[in-house]
Each structure stands twice: as structure tokens, then as C-alpha cells.
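These are my notebook entries on a structure that I had not examined before. I set down what I looked up, one topic at a time.

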Amino acid sequence: MANPALKPSLLNRFRLSWNHFKSRLLLKYAFSYILIFLIPLTGVTIFVYENAVKGLRVEIEQSNVNQLNQVKNTIDTRMNELQEIAGRIAYDKHLTPYMVRDPYYSLEAIQALANYKASSSITEDLLLYFHNDSNIYSYRGSADLHVTFDTLYQFERWTPEELRRDLNETRQPMVRPAENVTVNSRVEPMLVMLVPVKPNDPYPYGTVIYLMKESNLTGVMDSILSDFSGSSYIFGPTGEVLTANSHNVNLPQDELEKLSGLEPGIHNLELDGEQHSVVSVQSEENGWTYVTTMPSFQFFSRVAHVQTLILIVFCITAITGIAAALLLAKRQYHPIRDLMEFAKMKGSGNDTPKLRNEWEWIRQTLHDYSARIDLQEPFVRNQCMLLLLKHGKPDDPEIEQMIFSTGFRYPQGQGLYFSAILSWDEPVPGKSWQERHLLQEILSNVCLPGLGAQIFGVEFSVKDQFALIISLPGDANMPIQNQMEQVIEAIQAVIREQSQLSLSIGVGMAYMDLSLLNQSFIEAAAALEHRMNRRSGQVTYFEQLAELNPAAAESFWIPRKSMLKLEQSLKQGNESVAVQMIADTIDTIQDEPLQVHLLRCICFDLLNAFLRTASELGMDGVFANIPELTSFETLEELESRLLTLAGDICAQVERNTETSESSLMDDILAYVDEQFADYTLSLEHVALKFAISTSYLSRSFKEKTGSNFSQYVWQRRVDEVIRLLENTTAPLKEIIEQVGYLDTPNFIRKFKKEIGLTPGQYRKEYALKEAAAK
């Protein structure tokens with residue numbers, strides 16, 4: 001009976017191990033589901049943000065731009081009113097220098113000034129000054145200039161000297177920036193606007209002075225901007241601050257200069273260490289720049305509310321989705337937990353708790369089982385297949401079941417089975433063993449889906465040979481031999497892709513009964529024995545060996561059409577066709593069972609075809625090598641010599657072609673140089689004269705000269721025009737027509753584009769240089 005105290009200990013140990021696995025795998029599942037949920041949610045949130053938040057932001061920014069434009073229009077209107085008042089003063093008969101100074105009419109002048117002052121709501125005082133006068137006039141009457149600005153209005157920065165100079169020398173309307181002015185012991189920031197009278201007169205005789213409280217302008221701005229809590233500035237044309245409502249926010253001078261130079265629009269700037277949203281508009285009337293600044297978090301306070309709302313909705317949705325993802329992950333985990341417990345019960349009890357999760361534990365367990373099976377499978381399969389080759393279908397049910405499970409065997413009467421043997425010829429030192437091993441591994445199990453063939457490679461005792469067992473579905477619409485040849489060709493293609501080794505293949509006959517496969521293996525070995533009569537790398541079919549008819553050998557000769565095609569390919573220098581024809585001809589000869597004396601005559605006839613072609617091409621050096629060409633003992637040696645000779649002949653044909661082409665292009669170039677002044681000269685004309693195609697002429701002409709035909713003719717004509725301009729006094733039109741160009745304006749335009757001067761200018765430049773040289 002088991003010890004009861006041992007059960008809790010084992011249970012606790014299992015529980016700890018289980019929790020270690022469970023937490024990691026559950027985290028992976030939960031993390032995956034959370035990602036699947038959060039990615040689209042994040043995309044939707046971003047889309048909503050882009051459309052809602054950014055749209056609201058643009059709306060707020062545009063609203064501030066519109067308000068600032070309204071400020072600009074209002075103040076511009078007030079400033080224009082002041083200039084209109086100055087214009088009316090200039091043409092008012094009561095306000096001429098004579099009327100103002102006359103004791104009798106001065107009262108009317110003072111009353112007129114009072115009326116003009118009353119017509120402007122932003123003007124604190126209106127003064128009229130005549131140049132070089134010691135007095136200044138207002139609605140209060142006449143007063144001494146020094147008394148007025150030393151007692152009544154005392155400016156903080158405008159000195160008496162500057163004041164008198166500005167009053168006498170101002171020629172254009174001018175506004176001084178706001179500054180503190182002491183008015184009857186009371187200090188107020190005020191702006192001064194000077195308007196010469198008459199306005200726009202180059203020689204004004206006086207100046208109208210408007211004094212405006214700064215609060216009047218800032219009040220206009222505040223009333224229009226309403227709930228705007230930032231700073232507002234008005235900059236003059238030269239960038240000075242005319243007035244500002246900064247709400248005790250003092251910006252450094254360099255940042256004020258930055259604000260005055262902004263382009264109209266909305267900007268994000270860092271001012272005094274804090275990010276601000278800045279709106280700037282510019283007046284076309286007087287060049288003033290109106291600017292508002294506000295910290296970005298205040299400017300977009302409504303946007304912040306929308307952002308907060310979107311964030312809250314996102315967080316609530318994300319929390320709900322994460323909870324659902326965790327629940328789903330837990331439910332999906334249950335089948336894996338059950339599989340884990342089942343694997344432990346069926347296993348050997350050697351758990352691997354150090355693995356990260358159950359999937360790895362299960363995978364490792366299955367991998368261990370599979371490794372043990374895979375370790376034995378190649379040896380078992382090779383032995384089964386070897387038995388099949390040597391003894392036919394075995395009687396052992398288990399072996400038969402293994403063969404059937406590979407998909408190698410077809411239902412009775414629906415498959416074809418045959419064997420082939422690969423034999424390596426002339427092994428390459430150092431590489432042979434590795435390449436053989438690679439091929440054997442590749443051919444150990446190959447499926448050819450297009451042909452429906454299944455191939456298994458089998459190692460057997462004969463050195464340098466490897467057997468193949470091939471099955472394919474029986475196709476009543478195609479002869480069996482054709483099916484076999486297609487499969488062997490596919491195998492050769494696989495071999496060529498992987499190796500350069502020379503292989504001979506012997507192929508047995510195909511049978512519909514798998515039990516007769518040993519017959520096909522014997523036939524393949526017999527076919528491979530006959531490879532000594534064929535060149536290496538050849539495929540020998542046992543069925544073809546059985547059908548040879550020696551009596552037909554006496555009537556064989558190389559077909560005339562094959563000889564003609566071979567000679568023509570050599571004459572044209574087509575080496576690829578020549579090589580193919582050589583191979584085909586040698587193959588044809590090898591396929592015939594010829595007597596030795598007839599075989600040699602046929603070979604010499606083939607060689608004579610090459611020698612005739614070489615003689616026609618003037619290759620006299622070939623005949624010096626006739627002893628070497630005729631000293632062949634096998635068809636392989638003859639083929640090697642013919643391939644070398646074909647390469648030499650084709651190279652000579654190519655050289656002859658290049659020589660003839662070079663001579664032809666020299667003749668064409670000489671003809672163009674002679675006839676370039678003929679206006680009928682064209683690419684088609686030259687091609688027709690020399691009996692060649694226009695495309696060939698165009699390509700060859702550019703290769704010869706480096707430029708196309710029309711460019712070359714144009715350059716020859718330009719060179720001739722330049723020569724005639726430098727050495728003759730003939731009229732320009734006559735010269736251009738003389739070189740074959742009938743469109744004079746077009747020629748002059750193209751000449752100037754290329755040379756930089758018109759032909760007439762070029763002739764003058766050349767004449768001046770010649771005169772200077774003398």
C-alpha cells in the first residue's frame with residue numbers, strides 16, 4: 001500500500017510545475033488576443049482623432065484668424081478716417097495759415113478744429129502746426145509750441161528737438177509707438193500720428209497731430225477678440241511695437257522681432273520658454289502687422305476636452321476588451337492543458353519542466369518519438385526495396401504494408417513499375433564522393449507530380465552504381481516507352497541541376513505487376529553492360545537493345561538535309577545551331593549498328609563538310625592540322641574535334657562580318673561627308689542607296705560615329721556654316737541654303753541654342769577678334 005504522506009508531496013510538486021507552464025502560455029495567448037483587439041481599436045481611435053480633434057483645431061485657428069482680420073479692418077478704417085480728416089483740414093478755408101493767425105477769423109478756425117476732433121472717436125486731441133511757426137493750434141486755441149509740449153504734453157522719449165524736427169520735416173503719414181505722456185500731471189500711454197498737409201504733397205506746409213490713448217486701440221482689439229486671453233501686438237512697417245496688450249507678459253526684444261517678421265497665417269513658436277500658438281495678419285493699407293499670441297494649451301482648450309473624451313472612451317473600451325481577451329485565452333487554453341496531461345500519462349514519465357510552455361513540451365515529446373523512428377526508417381526502407389529488386393514482391397505482410405503506405409504501389413493493374421541503374425563514369429578527384437552522396441540523398445525519394453511518377457533510390461553492393469525503383473500510373477493514351485523516356489529525362493534534369501558528374505543509365509522494361517520488378521532490375525543491368533558501345537552519359541534501354549536490326553546497317557548514310565543544315569549554320573557563323581547539329585549527327589551515327597569501315601567513311605564525309613566550309617572562308621591554316629583532325633579513334637574524339645573546328649569557323653565568319661561591316665560604314669560615312677549639303681539627304685535615302693535596312697544603318701552609324709545620323713548631318717552643316725561665316729562675306733541666307741537647310745529662321749534658332757550666338761553675331765565676334773589680333 002502506498003504511503004499517504006507521499007501523495008501531497010507529489011501533488012504539490014506537480015502543481016508548482018503546472019503553474020510554471022500555465023502562466024507563460026496563458027500570457028502568450030492573452031497577449032496575442034489583446035494585440036488582435038488593440039490594433040484595430042487604436043486605428044479607429046486615431047482615425048476619429050484625426051477627423052474630430054484636428055478638425056476642431058483647424059476651426060479654432062481659423063476663428064482666431066478671422067477675428068484678427070476684423071481687428072485689422074477696424075483699426076485700418078480708423079486710421080483712414082484720421083487721414084481723411086487731415087485731408088479735409090488741408091482744404092478747409094477756415095484753417096489756412098492766414099485764417100488761423102488772423103485775430104478776427106481765428107475763432108472760426110478754432111471751432112473748425114473742435115468739429116474735426118469730435119468726428120473721431122479714438123482721438124484724444126487734435127493739433128495743427130504750420131512749418132517754422134512758434135505756435136501750435138488746437139480746439140482750445142493757439143499756444144506756444146514749447147509751452148504745449150513742455151507743460152501740457154510731456155513725452156517720455158520724444159525730445160523737443162526731435163519733436164520740432166518731425167513736425168517740420170514729415171513728408172508721409174507717421175505713427176509713433178505708444179509711450180508714456182504726462183498730461184496735466186497725469187501719465188497715460190499714448191500714440192501720436194503725424195499727417196502732413198497737404199497729404200501726398202511733396203512740399204507740405206504743415207502737420208496735423210493726432211494724440212490717441214493706447215487704451216483706445218487696445219480696447220478695439222479686446223472688444224473684437226472678446227474672450228481672447230492671450231497677448232496682442234501691433235507692429236509698424238519697420239517692425240517696431242506700436243501698441244501691445246501683453247497682460248504683463250514681457251517678451252525679450254529678439255522674440256518681438258521674430259513676431260514682427262512672421263508671414264501672415266498660423267504659427268507654433270516657443271516664446272519665453274513656452275510653446276505658443278501665434279496668429280499673424282498684415283495690413284495692405286499701412287503695412288502694419290497684427291499679432292496675437294497665446295500658450296498652446298489655452299489656445300486649444302476645447303481641443304483638450306475632446307482629446308480627454310476620446311482618451312476616456314479608448315481606455316474604457318481597452319479595459320473591457322482586455323478582460324474579454326483574458327477570458328477567451330483561458331477558454332482556449334483548456335484543450336492544450338488536456339493534451340498536456342494526456343501526453344504525460346502516455347509518456348515515459350521523464351518530464352521536462354524547464355521548457356517554457358506546454359506546446360514546447362508536447363513538441364519535444366513528439367520530436368523524441370519521431371527521431372527514434374526516423375533513425376531506423378532509412379535502413380528499413382532500403383532493405384525492403386532491395387528485397388523488392390532482387391526477389392520481387394515479398395510475402396511478409398508488414399513489409400508489403402510499408403511499401404503500400406509510401407504511395408509507391410498502385411491498385412492492381414493500374415500502375416507500371418520498372419528499374420534503372422545509374423553508373424558513374426570517370427570520377428572527379430576530391431569532389432566525386434560528395435556529389436555522389438548528394439545525388440543519392442536527393443534520389444532516395446523523388447516525386448514527379450507532372451508525370452505522376454514516384455522514385456525510390458536503393459543502394460546495393462555493386463561499386464559506383466545506384467539503383468532506382470520507379471512507379472508511374474498506366475496511361476492508355478501514351479505508349480509505355482514514351483512514358484519511361486519522360487521519367488528518365490526528368491531524372492537526368494534533376495541530376496544536371498545538382499551535379500556535373502558523368503552518368504550512364506541502364507533502364508529495364510516496365511511491368512504492371514510489382515512482383516516482376518526483379519526482372520526489370522536484371523534487364524537494367526544488362527542494358528548498362530551495352531554502354532561500352534555508346535558514349536558516356538548515355539541512357540540505354542533494354543527494349544531498344546532487343547529491337548536492333550544489324551541488317552539495316554549496310555544501307556545507312558547521314559541524311560542530306562542534316563548535312564545541308566550543318567554547312568549553312570557554319571557559313572552563317574551560328575555556333576549554337578552548329579553545336580546542336582554536331583550533337584544530333586553524332587547521336588544519329590551512334591544509334592546505328594555500323595560496320596567499322598562504313599562508320600569511318602561516314603565520319604570522314606562529316607569532316608569534309610567542315611573542311612569545305614573552312615576553305616570557302618579562306619581558313620588555310622585548318623589544312624595544316626588535318627593529321628590531328630583525322631586521328632580520332634572514337635566518336636567522342638571526333639565530336640570534340642568537330643566542336644573545336646566549328647568554334648574556329650564561326651569565329652572567322654564573325655571576323656569577316658565585322659571587316660565587311662567596317663568597310664561598308666567607311667563608305668557610308670564618306671558618302672555623307674560628301675553629300676551633307678544636299679537637302680534631300682536622309683537616313684532612308686542612304687539606306688536605300690547601300691541596300692541595307694534603316695534600323696541597321698541607324699545602329700551601326702551611331703556605333704561608328706558616336707552620334708545618330710541626324711545629329712551628325714546637323715554638325716557637318718554647322719561646321720560648314722561657321723567656315724563660310726569666317727572666310728566669306730556671302731549673305732547669311734545664301735550660306736544657310738548652301739549647306740542644304742531651307743528653313744532659315746529655324747536654323748538660326750538652333751544655331752543660337754548650340755553656339756550661344758546667332759550666325760550674324762558670330763560673324764561680328766569673329767571679325768572683332770581678327771581685327772584685335774592684327
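**Entry 1: Ser707 and its surroundings**

I began with the contacts of Ser707: setting aside neighbours within four places in sequence, Ser707 touches Phe701, Lys702 and Tyr712. I noted that the model is a predicted one. I then located Ser707 in the loop that connects helix 22 (694–705) with helix 23 (709–727). Is Ser707 buried or exposed? I recorded Ser707 as buried, because its relative accessibility is 17% and the cut-off for buried is under 20%.

**Entry 2: The open sheet**

I next traced a sheet of seven strands. The sheet is open, its strand order is 3-2-1-7-6-5-4, and the pairing is antiparallel. I identified strand 3 (141–144) and strand 4 (153–155) as the edge strands, each of which pairs on one side only. For the twist I noted an average of 35° from one strand to the next. As a general point, I wrote down that strands of a sheet pair through backbone hydrogen bonds.

At one edge I looked at the pairing of strand 4 with strand 5 (residues 174–183), which is antiparallel and runs over three bridges. Within this pair, Gln154 has Thr182 in strand 5 as its bridge partner.

I then asked which helices lie across these strands. Helix 4 (residues 145–152) lies across strand 1 (125–130), strand 2 (135–138), strand 3, strand 4 and strand 5, and runs at about 70° to strand 4. Helix 6 (residues 214–225) lies across strand 5, strand 6 (186–197) and strand 7 (206–213), with an angle of about 60° to strand 7.

**Entry 3: Loops of the sheet**

I examined the backbone in two loops. In the loop between strand 1 and strand 2 I found Asn132. Phi of Asn132 is positive, near 60°, in a residue other than glycine. Asn132 is exposed, because its relative accessible area is 70% and exposed means over 50%.

The loop between strand 6 and strand 7 holds Lys198 and Asn200. I noted a cis peptide bond from Val197 to Lys198, with omega near 0°. Asn200 is not a glycine, yet has a positive phi of about 65°. With 70% relative accessibility, Asn200 counts as exposed.

**Entry 4: Two hairpins**

I followed strand 10 (residues 265–271) into strand 11 (residues 274–282); the two run antiparallel and are joined by seven bridges. Ile266 is matched with Val279 in strand 11 as its bridge partner. This hairpin has two residues between the strands, and Asp272 takes a positive phi near 55°.

Strand 11 also pairs with strand 12 (residues 289–295), in the antiparallel sense and over seven bridges. Here I saw Ser277 opposite Met294 in strand 12. Six residues separate strand 11 and strand 12 in their hairpin, where Gly287 in the turn has a positive phi of about 80°.

**Entry 5: Cysteines**

How many disulfides does the structure hold? I recorded zero. For Cys601, the closest cysteine sulfur is that of Cys603, and the distance of 9.2 Å is too far for a bond. Cys601 counts as partly exposed at 44% relative accessibility. Cys315 is also partly exposed, with a relative accessible area of 35%.

**Entry 6: Lys330**

I closed with Lys330, which belongs to helix 9 (residues 301–346). Lys330 is partly exposed at 48% relative accessibility. Its C-alpha atom is 9.7 Å from that of Leu27, a residue 303 residues apart from Lys330 along the chain.

Notes:
Residues are numbered from 1 along each chain as its sequence is written. This is a predicted model: local features need pLDDT of at least 70, side-chain atom pairs count only at pLDDT 80 or more; totals for chains, interfaces and linings use all residues. Side-chain values use heavy atoms; hydrogens and water are left out. Helices (H or I, at least four residues) and strands (E, at least two) are DSSP runs, numbered from the N terminus. Buried means under 20% relative accessible area, exposed over 50%, partly exposed in between (1.4 Å probe, protein chains only). Contact means heavy atoms within 4.5 Å. A disulfide is a pair of cysteine sulfur atoms within 2.5 Å. Two strands pair if DSSP finds at least two bridges between them. Axes are lines fitted to C-alpha atoms, for helices over the stretch in contact, and angles run from 0 to 180 degrees between N-to-C directions.
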